[in-house]
Amino acid sequence: MHLEHRIWIAAPLEVVFELAKDVANWSRLRREYRWFRVIEETPRTLTFEMGGWIRGWPARWTAVREARSDGRRLTFRHIGGITRGMAVEWRFAADANGVTVELVHDLVMRWPLIGRLVGNLLVGPIFINYTARKTLQAVKIHAEAVGTHAQKDEEPR
């Protein structure tokens, strides 16, 4: 299963990147994300467990997040839950007016006989596609609100 989503956000790169990176506070972006727990944190990585309700179904996963210091890429490697083995990449490209965010998911479910079918026909289109679209939209709404406030604060009085 391979999915790509793209959105343009009228906010500074730093604001968008920090919102996307701050998985501990994603529940503030979307109420479907109900809980979050840090397993291990190093200067380069964050290993965490997260859960909630996706389209009315309980969901729980464990992932490792790595953030590039240049603010241009986040990667997530799912190491537990039904999406174990999924690779997720957030790519950020800034221009003078905002940021294009590209979100890429790759998952091969390693279940004997039916894994690829379940991933391609059920998990990907019904859950991951939905969650990715909603999460990107939530980041856009919050980043643009924060970005607007930041720009107002910078204007001379």
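**Histidine 105 and the chain around it**

Let me start with histidine 105, which sits in strand β7, residues 98-106. What you have in front of you is a predicted model. Is histidine 105 buried or exposed? Its relative accessibility is 7%, so histidine 105 counts as buried, the cut-off being under 20%.

What does histidine 105 touch, leaving aside residues up to four places away in sequence? The list is Met1, His2, Leu3, Met86, Ala87, Val88, Ile128 and Ala132. Two of those names, His2 and Leu3, belong to strand β1, which covers residues 2-9.

That brings me to β1. Side chains alternate along this strand. Leu3, His5, Ile7 and Ile9 point to one face and are buried. His2, Glu4, Arg6 and Trp8 point to the other face and are not buried. How do β1 and β7 pair? They run antiparallel, with eight bridges between them. As one point of register, glutamate 4 has valine 104 as its bridge partner in β7.

Now the whole chain. It contains seven strands and three helices. Read from the N terminus, the order is β-α-α-β-β-β-β-β-β-α. Of the contacts with a separation of 6 or more, 48% join residues 24 or more positions apart. Buried residues account for 45% of the 157 in the chain.

On dimensions, the C-alpha trace spans about 65 × 30 × 30 Å along its principal axes. The radius of gyration is 16 Å, which agrees with the value near 15 Å for a compact globule of 157 residues.

The surface next. The accessible area of the chain is about 9,300 Å², and carbon and sulfur atoms contribute 53% of that. As for charge, there are 24 positive and 18 negative side chains. The centres of these two sets are 8 Å apart.

Last, two backbone details, both in loops. Arginine 55 is not a glycine, yet its phi is positive, about 55°. This residue lies in the loop between β3 (45-54) and β4 (57-67). Arginine 55 counts as partly exposed because its relative accessibility is 44%.

Leucine 113 also has a positive phi without being a glycine, in this case about 65°. Where is leucine 113? It is in the loop between β7 and α3, the helix at 115-154. With a relative accessibility of 91%, leucine 113 counts as exposed.

To go back to the start: histidine 105 is buried, and its strand, β7, pairs with β1.

Methods: Residues are numbered from 1 along each chain as its sequence is written. This is a predicted model: local features need pLDDT of at least 70, side-chain atom pairs count only at pLDDT 80 or more; totals for chains, interfaces and linings use all residues. Side-chain values use heavy atoms; hydrogens and water are left out. Helices (H or I, at least four residues) and strands (E, at least two) are DSSP runs, numbered from the N terminus. Buried means under 20% relative accessible area, exposed over 50%, partly exposed in between (1.4 Å probe, protein chains only). Contact means heavy atoms within 4.5 Å. Two strands pair if DSSP finds at least two bridges between them. The radius of gyration is taken over C-alpha atoms; the globule rule is 2.2 Å times the number of residues to the power 0.38. Accessible areas come from the Shrake-Rupley method with a 1.4 Å probe; for residues, only the protein chains shown count as cover. Lys and Arg count as positive and Asp and Glu as negative; His and the chain ends are not counted. The place of a charge is taken as NZ of Lys, CZ of Arg, CG of Asp or CD of Glu.
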